[in-house]
Amino acid sequence: MLSRLFAPTVRVSAHCDLPCGVYDPAQARIEAESVKAIQEKYQANDDPAYRTRAIVIKEERAELAKHHVSVLWSDYFKPPHFEKYPELHQLVNDTLKALSAAKGSTDPETGQKALDYIAQIDKIFWETKKG
């Protein structure tokens, strides 16, 4: 009797850990844009001190982008998303690998490749927000 008295009267469910609106691929995109911009600036500058600092910052930004993609994969996307978008697991893996490649490279093409993958995640993400 007491358990029914204190039982919740309203059931709720959510597909993410916090109310919607806290997850957004834009965070990963912004960091990846920084990676590519730093790669471009690195190529345009011959100063060894500048280049060293650019590499450190680029690696930090690439790691942050990887973190944001990983959070989307582990905290936002749920089984119904993976069922509707079966390519999502591979896409996230490819994105993380591309970000790792950009982290270890000064070639802006690697930064662009990571951005292209993030754009695909972004498209799926916003499609999931519609329904």
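The following exchange works through the helices, the core and one buried alanine of a predicted model.

In this predicted model, local features need pLDDT of at least 70 and side-chain atom pairs count only at pLDDT 80 or more, while totals for chains, interfaces and linings use all residues. Residues are numbered from 1 along each chain as its sequence is written, and side-chain values use heavy atoms, with hydrogens and water left out.

Student: How many helices and how many strands are there in the protein chain?
Tutor: Helices (H or I, at least four residues) and strands (E, at least two) are DSSP runs, numbered from the N terminus. Read from that end, the elements run α-α-α-α-α-α. The count for the protein chain is therefore six helices and zero strands.

Student: What distance separates the end C-alpha atoms of α3, and what span should its 29 residues have?
Tutor: The expected span of a helix is 1.5 Å times one less than its number of residues. For the 29 residues of α3 this gives 42 Å, and the distance between the end C-alpha atoms, which agrees, is 41 Å.

Student: Which elements cover the buried residues of α3?
Tutor: Buried means under 20% relative accessible area, exposed over 50%, and partly exposed in between, with a 1.4 Å probe and protein chains only. By that criterion the buried residues of α3 are A54, K58, A62, A65, K66, H68, V69, L72 and Y76. What covers them includes α2, α4 (79-84), α5 and α6.

Student: Is A28 buried or exposed?
Tutor: A28 is found in helix α2, which comprises residues 26-43. Because its relative accessibility is 1%, A28 counts as buried.

Student: Which residues is A28 in contact with, leaving aside its neighbours within four places in sequence?
Tutor: Contact means heavy atoms within 4.5 Å. The C-alpha atoms of A28 and H67, which lie 39 residues apart along the chain, are separated by 7.9 Å. With neighbours within four places in sequence left aside, the contacts of A28 are A65, H68, V69 and I118.

Student: Which element gives the largest share of the largest nonpolar core?
Tutor: A nonpolar core is a set of buried Ala, Val, Leu, Ile, Met, Phe, Trp, Tyr and Cys residues joined through side-chain atoms within 4.5 Å. The largest one has 23 residues, and V69, L72, F77, L88, L99 and I121 have the most contacts inside it. Two or more residues each come from α2, α3 (48-76), α5 (88-103) and α6 (108-130). The largest share of this core, seven residues, comes from α6.
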